[in-house]
Amino acid sequence: MSTIFRKELSQEALEELFNCDEKCLEFLAELKWSDGFTCRKCGNTNSCPGKAPHSRRCTKCKTEESSTAGTIFHNCKFPINKAFYIAYNVCKGKEDLSTYEYARRLSLRQMTCWNFKTKIEHAIEQMDTLTISEKTSIQKIITS
Ligand SMILES: [Zn+2]
């Protein structure tokens with residue numbers, strides 16, 4: 001999980017991510033395909049841009065993969081930039097914010113924040129129990 005934020009991000013870059021869902025998708029896409037694209041279905045390495053912003057489409061089997069697929073942000077029911085804010089603070093934050101505080105800051109329901117925070121914490125716990133090779137394979141982006 002913390003590998004998402006392994007790169008030290010400047011305060012401006014963070015503000016940008018926290019305020020713009022499209023920036024978050026772009027950030028995930030860059031991270032996910034930093035070593036190039038490999039289709040999860042057929043293994044083809046050629047892709048073209050997909051329909052959704054910052055998604056990729058396999059040129060062979062036409063499967064589209066979003067930048068959030070296989071990450072903790074997949075199927076997130078609230079704006080991804082808000083999810084990023086929670087994820088960043090759980091991983092890197094200097095203060096341990098309560099889910100009530102997240103809810104207040106992000107105008108979300110407390111339960112929503114609690115659910116997502118728990119999901120992140122579980123992901124971090126799972127990371128700790130993995131073997132090194134397992135960790136390496138999911139190092140770039142945590143699977144949800
Ligand atoms: Zn394919």
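Donors here are N, O and S atoms within 2.8 Å of the metal. With that in hand, on to the zinc site of this predicted model. The zinc ion is held by four protein donors, the SG atoms of C39, C42, C58 and C61, which sit 2.3 Å from it. Read along the chain, these donors follow the spacing C-x2-C-x15-C-x2-C. One pair, C39 and C58, ties together distant parts of the chain, being 19 residues apart. C39 belongs to the loop between α2 (21-32) and β1 (47-49), while C58 is part of strand β2 (residues 56-58).

What about the geometry? The angles among the four donor atoms run from 106 to 115°, and the site of the zinc ion is tetrahedral. For comparison, the ideal angle for four tetrahedral donors is 109.5 degrees.

Are C39 and C58 buried or exposed? A residue counts as buried when its relative accessible area is under 20%. C39 has a relative accessible area of 5%, so it is buried. C58 is buried too, because its relative accessibility is 0%.

Next up is a pocket. The second largest one has a volume of about 260 Å³. Its lining is made up of 13 residues, and the closest to the pocket's centre are Q11, F18, Y85, Y88 and N89. Helices α1 (11-19) and α3 (80-92) each put at least two residues into this lining, with α1 giving the largest share, five residues. Sorted by class, the lining of the second largest pocket is a mix of five charged, four polar and four nonpolar residues.

Conventions:
Residues are numbered from 1 along each chain as its sequence is written. This is a predicted model: local features need pLDDT of at least 70, side-chain atom pairs count only at pLDDT 80 or more; totals for chains, interfaces and linings use all residues. Side-chain values use heavy atoms; hydrogens and water are left out. Donors are N, O and S atoms within 2.8 Å of the metal (3.2 Å for Na, K and Ca); water is not among the atoms, so sites may look incomplete. Four donors count as tetrahedral if all angles lie between 85 and 135 degrees; four count as square planar and six as octahedral if opposite donors are over 155 degrees apart and all others between 65 and 115; anything else is irregular. Helices (H or I, at least four residues) and strands (E, at least two) are DSSP runs, numbered from the N terminus. Buried means under 20% relative accessible area, exposed over 50%, partly exposed in between (1.4 Å probe, protein chains only). On a 1 Å grid over the protein atoms alone, a cavity is a set of points where a 1.4 Å probe fits but cannot get out, and a pocket is an open set with protein on both sides within 12 Å along at least five of seven lines; lining residues have an atom within 4 Å of a point. Grid points are joined across faces, edges and corners, and a volume is the space filled by probe spheres set on the points. Ala, Val, Leu, Ile, Met, Phe, Trp, Tyr, Cys and Pro count as nonpolar, Asp, Glu, Lys and Arg as charged, and the others, Gly among them, as polar.
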